[in-house]
Structure formats: structure tokens, C-alpha cells
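Biologist: Could you take me through one part of this model up close, namely the salt bridges, and then show me what sits around them? I'd like one connected story rather than a list.

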Amino acid sequence: MDRYARWNALLELLTESGRVTVEEAAERLDVSQATIRRDFDQLAQQQMITRTRGGAVANGVSYDLPLRYKSAKHSAEKQRIGEAAARLVTPGTVVGLNGGTTITEVARALAVRPDLNSGGEGAQLTVVTNALNIANELLVRSRMKIVVAGGVVRPQSFEVVGPLGGALLKEVTLDIALLGVDALDVELGAASHHEGEAAMNSLMVARAKRVVVIADSSKLGSHAFARICPITQIETLVTDSGASSSTVAAFREAGVEVICA
């Protein structure tokens with residue numbers, strides 16, 4: 001287990017229990033107590049946790065973990081989801097992408113598709129995004145046209161939020177929006193932990209001819225602070241095979257096409 005995966009696991013342990021000792025963490029993660037002490041010290045320096053004698057307590061910020069700590073969670077599922085979602089994109093279209101670990105996998109899958117990078121007349125893909133890491137993924141590995149919304153960058157997700165980016169999104173039309181979300185529920189719709197990200201995502205939904213939500217099964221049936229859009233605005237859900245049959249049936253009954261990768 002690498003350092004970031006270990007830190008992610010420690011933060012999840014603290015989210016569950018609120019407090020954990022060095023001995024408990026070492027036993028759960030099967031590493032030495034010295035390693036756990038170093039991890040706790042480094043996380044405390046970044047104000048992710050509060051160090052205590054013999055352990056640590058949660059600061060509460062693990063509710064919205066920074067993107068770099070999330071990458072190890074459900075990674076195999078997210079890669080399959082990303083590849084399935086990328087297959088929905090056709091050459092010559094305008095695609096909206098927000099941020100997050102699952103959308104990062106979508107971007108990576110798009111970047112290696114030769115039919116989207118041919119450079120032929122009328123075949124170039126245009127990607128509109130408010131996430132700096134997504135733009136970087138595509139710029140370094142593809143010949144696509146990349147449009148980045150401006151504004152204030154959130155360090156947790158690398159997403160740009162605020163009225164500057166909103167002004168750009170109001171002036172474009174997207175053929176398809178591929179959106180990662182923090183929660184998706186049949187009754188409550190799609191939601192994000194952060195209201196600024198939700199507002200930007202809502203604008204993408206409003207400007208898209210087709211809306212596809214990308215979410216692993218752990219996010220289905222859950223809720224988050226700020227709503228992005230109601231379920232009626234979502235045409236397709238791409239998730240993993242861990243989604244229960246009853247959950248999938250509920251989304252299909254609500255008129256959403258469900259693709260299980």
C-alpha cells in the first residue's frame with residue numbers, strides 16, 4: 001500500500017470512528033506503528049487530523065477529501081466506468097467534463113482513442129472543463145481542443161468555481177456532459193458536497209443536449225449538500241456492477257438509461 005492509499009485508509013478510519021490509536025491503525029493496515037506515527041504527524045501538519053497522545057482524532061474535513069487522497073478508492077471500478085463512459089463520445093462533438101477521480105478516468109480513456117485524435121477535418125473533439133487536472137490529462141496526451149472555464153480553483157478537487165467560469169459556460173453549447181457527482185438518488189437527483197462545484201455542474205447540465213452522470217455504486221442512493229440537477233435531467237447513468245438490481249431498476253423506472261461497467 002503506497003503512502004496516499006494508506007493516508008486515505010487512515011482518514012476513512014477516522015471518519016468512521018472519530019478517533020483511532022496508533023496500535024489500532026497499525027493492526028488494521030498491517031504496517032508498523034512507526035509508519036502510522038509518521039503518517040499521523042504528516043496528516044496533522046496538513047491540518048487533516050488532530051494528533052493526540054497515542055493516536056489521532058478527525059478534524060471533520062475528511063467529509064470532502066482532497067482529490068489526491070481519493071485516487072485509491074474503488075480505483076478498478078472507476079477505470080471500467082471511465083472506459084464505458086468514454087465510448088459514449090463521438091468524434092467532432094463538444095463534451096463537458098467536470099472534475100473528480102472518476103472523470104479523470106474518463107479523460108484518460110478519451111485521450112487514447114485514436115478516432116478522437118485524428119486531427120482530420122471536422123473530427124476534432126472539443127472538451128469544455130472546469131477542472132485543471134482534466135485539462136492537463138487531455139493536453140499532454142491528445143490533439144483535442146480544450147476550453148477551460150476561469151475562476152477560483154478549489155485545492156480539494158482542482159475544479160474552478162465562481163462567476164467567471166459561469167459566464168463562459170453560459171455562452172457555450174455542449175453535445176454531451178459527462179459529470180462526476182458525490183451522490184445520486186432517484187428522489188433527490190445528483191448532488192455535490194460543495195455548492196460552488198454544484199453551481200458549475202448545473203450550468204453544464206443546462207447547456208448540454210445530453211447529460212450523463214458517472215458514479216460508482218457507492219454513491220448511488222446517497223445524498224450530498226448541494227443539488228446539481230433533478231433526476232429528470234439525467235439521460236444516462238454509468239456505474240459499476242456493484243450496483244444492486246433494485247437500485248438499477250429504480251433508476252430505470254425513473255427514465256434513466258443505466259450502463260453497468
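Modeller: What follows starts with the charged pairs and then moves on to helix packing, a surface patch and a few individual residues.

Keep in mind that this is a predicted model. There are nine salt bridges in the structure, and I'll pick out some of them. Start with Glu 137 and Arg 108, whose closest N and O atoms are 3.1 Å apart. Glu 137 belongs to helix α7 and Arg 108 to helix α6, so this bridge ties together parts that are 29 residues apart in sequence. The two ends sit in different surroundings if you go by the cut-offs: Glu 137 has 14% relative accessibility and so counts as buried, while Arg 108 comes out as partly exposed because its relative accessible area is 34%. The pair also has company, since Glu 105, Arg 108 and Glu 137 are joined into one network by salt bridges that share partners. As a general point, side chains of opposite charge can pair when their charged atoms come close.

Now go further along the chain to Arg 154 and Glu 197. Their salt bridge has its closest N and O atoms 2.7 Å apart. It links distant parts of the chain, 43 residues apart: Arg 154 is in the loop between β7 (152-153) and β8 (160-161), and Glu 197 is in helix α9 (residues 195-207). Are these two buried or exposed? Arg 154 is buried, at 10% relative accessibility, and Glu 197 is buried as well, with a relative accessible area of 7%.

The third pair I'd show you is Glu 235 with Arg 210, where the side chains meet in a salt bridge at 3.1 Å, N to O. Here both partners are in loops: Glu 235 between β13 (226-229) and β14 (236-239), and Arg 210 between α9 and β12 (211-214), with 25 residues separating them in sequence. Glu 235 has a relative accessibility of 40%, so it counts as partly exposed.

Back to helix α7 for a moment, because it takes us to the surface. The helix covers residues 132-139, and Leu 132 lies in it. Leu 132 is partly exposed, at 40% relative accessible area, and it joins Val 148, Val 153 and Phe 158 in a nonpolar surface patch with about 280 Å² of accessible area together.

Helix α6, the one that carries Arg 108, is also worth a look for how it meets α5. The axes of α5 (residues 75-86) and α6 (residues 101-111) come within 7 Å of each other and cross at roughly 50°. At that angle the two helices are oblique to each other, and their crossing is right-handed.

There's another helix pair towards the start of the chain. The axes of α1 and α2 are 11 Å apart, and the helices pack at an angle of about 125°. They are therefore oblique to each other too, and α1 passes α2 in a right-handed crossing. On α1, which runs over residues 3-17, look for Leu 13. Leu 13 is buried, with a relative accessible area of 8%. Its C-alpha is 9.2 Å from that of Arg 28, although the two are 15 residues apart in sequence.

Just past α2 comes a backbone oddity. Asp 30, in the loop between α2 (22-29) and α3 (33-45), has a positive phi of about 60° although it is not a glycine. In general, most residues other than glycine have a negative phi. Asp 30 is also exposed, with 71% relative accessibility.

At the other end of α3, two residues in one loop make a nice contrast. Gln 47 lies in the loop between α3 and β2 (49-52), and Met 48 is in the loop between α3 and β2. Gln 47 is exposed at 60% relative accessible area, whereas Met 48 counts as buried at 8% relative accessibility. Asn 59 gives you a reference point for both. From Gln 47 to Asn 59, 12 residues along the chain, the C-alpha separation is 7.6 Å. From Met 48 to Asn 59, 11 residues along the chain, the C-alpha atoms are 6.2 Å apart.

How values were computed. Residues numbered from 1 in each chain as written. Predicted model: local features only at pLDDT ≥ 70, side-chain atom pairs only at ≥ 80, totals over all residues. Heavy atoms only, no water. Patch = residues over 30% accessible without salt bridge, like charges linked within 9 Å, V, L, I, M, F, W, Y side chains within 5 Å. Areas by Shrake-Rupley, 256 points an atom, 1.4 Å probe, with all protein chains shown as cover. Salt bridge = Lys/Arg side-chain N within 4 Å of Asp/Glu carboxyl O. Helix = DSSP H or I, 4+ residues; strand = E, 2+ residues; numbered from the N terminus. Buried < 20%, exposed > 50% of the residue type's maximum accessible area, 1.4 Å probe, protein only. Axes fitted to C-alpha atoms, helices over the stretch in contact; angles between N-to-C directions. Parallel < 35°, antiparallel > 145°, perpendicular 65-115°, else oblique. Left-handed = near helix turned anticlockwise from the far one by under 90°.
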